[in-house]
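Here is a friendly tour of the pockets and charged pairs in this protein. Have the sequence and the 3D view open as you read.

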Amino acid sequence: MEFPTHALAAWLAQGTSDRDKVLAAWHSEPHGMLLLPAGIRWDAVKLPREQGRLAYTRLQNRAVALGPILWDRWRDHMYFLVSTGSAALWPGPNPRLVTTGGWLVAPDPRRPLRRAVWLPCALDGSLTCPDQLFRAAGGVLSIGDPATAAR
C-alpha cells in the first residue's frame with residue numbers, strides 16, 4: 001500500500017495561515033522545502049536519528065498511532081509531531097523541542113527528496129502521544145535527575 005503523500009501535504013498545510021498558498025509554494029519551490037510554523041497545530045520533539053529510529057520501531061511494535069514524523073537525513077535527526085503544548089512536558093533535558101515561535105524546515109511530502117523524508121504515519125489527524133514517545137525512547141535517552149528536569 002502506498003503512503004498517501006497528498007493527504008499528508010494537505011494536513012500539514014492546514015496548520016498554516018494559508019493552506020492553498022503553502023501547497024502552491026511547496027510545488028514551485030525548487031528544493032521542495034518550506035518553513036512550517038510550530039505551536040499552532042503541533043509541536044515537534046527532535047531526537048537524534050538512532051534514538052528516533054528506536055522509538056519509531058518500538059511505537060510501531062506496540063501498534064501506537066503515529067502522527068507525522070520527519071526524518072532529516074542531512075542533519076541526522078527525527079522530528080515527531082505531538083500536540084501543541086505537550087512537548088514542553090517532556091521530563092528530561094534531551095531532546096530539543098520545536099514549539100510556538102519555532103519553525104520546522106519541511107519537505108513537500110508529495111516530492112521524493114533525499115535529504116529529508118516523511119515516514120509513514122496515521123493520516124486521521126492523530127499526533128504521536130508524547131508520553132508514549134517518551135516511554136519508547138526512554139531506554140536510549142539520558143533522562144537526568146528528575147529534580148533538574150522540572151526546571
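A salt bridge here means a side-chain nitrogen of Lys or Arg lying within 4 Å of a carboxyl oxygen of Asp or Glu. Please keep in mind that this is a predicted model.

**Charged pairs**

By that rule, the count comes to 4 salt bridges. In general, side chains of opposite charge can pair when their charged atoms come close. Three of the pairs are set out below, with the distance between the closest N and O atoms.

| Pair | N to O distance |
|---|---|
| R19 and D20 | 3.1 Å |
| R49 and D76 | 2.6 Å |
| R110 and D108 | 2.8 Å |

How do these partners sit relative to the surface, buried or exposed? For R110 and D108, whose side chains meet at 2.8 Å, the two ends differ in class: R110 is partly exposed, at 26% relative accessibility, whereas D108 has a relative accessible area of 1% and is buried, because the cut-off for buried is under 20%. R19 is partly exposed, with a relative accessible area of 33%, while its partner D20 reaches 52% and counts as exposed because that value is over 50%.

The bridge between R49 and D76 has a closest N to O distance of 2.6 Å. This pair links distant parts of the chain: R49 belongs to helix α3 (residues 49–61), and D76 lies in the loop between β3 and β4 (77–82), 27 residues apart. D76 is partly exposed, at a relative accessible area of 32%.

Back at R110 and D108, their salt bridge is the 2.8 Å contact listed above. Elsewhere, R49, E50 and D76 are joined into one network by salt bridges that share partners.

**The largest pocket**

Now to the open spaces. The volume of the largest pocket is about 240 Å³. Its lining has 14 residues, and K46, D72, Y79, L104 and V105 lie nearest the centre. Strands β3 (69–72), β5 (96–98) and β6 (103–107) each supply at least two of the lining residues. Sorted by class, this lining has 9 nonpolar and 5 charged residues, with no polar ones.

**The second largest pocket**

The second largest pocket holds about 160 Å³ of space. Among the residues that line this pocket are T5, P107, W118 and both members of a salt bridge described above, D108 and R110. Strand β7 (residues 116–119) gives the largest share of the lining, 3 residues. By class, the lining of this second pocket has 7 nonpolar, 1 polar and 3 charged residues.

Definitions and conventions:
Residues are numbered from 1 along each chain as its sequence is written. This is a predicted model: local features need pLDDT of at least 70, side-chain atom pairs count only at pLDDT 80 or more; totals for chains, interfaces and linings use all residues. Side-chain values use heavy atoms; hydrogens and water are left out. On a 1 Å grid over the protein atoms alone, a cavity is a set of points where a 1.4 Å probe fits but cannot get out, and a pocket is an open set with protein on both sides within 12 Å along at least five of seven lines; lining residues have an atom within 4 Å of a point. Grid points are joined across faces, edges and corners, and a volume is the space filled by probe spheres set on the points. Helices (H or I, at least four residues) and strands (E, at least two) are DSSP runs, numbered from the N terminus. Ala, Val, Leu, Ile, Met, Phe, Trp, Tyr, Cys and Pro count as nonpolar, Asp, Glu, Lys and Arg as charged, and the others, Gly among them, as polar. Buried means under 20% relative accessible area, exposed over 50%, partly exposed in between (1.4 Å probe, protein chains only).
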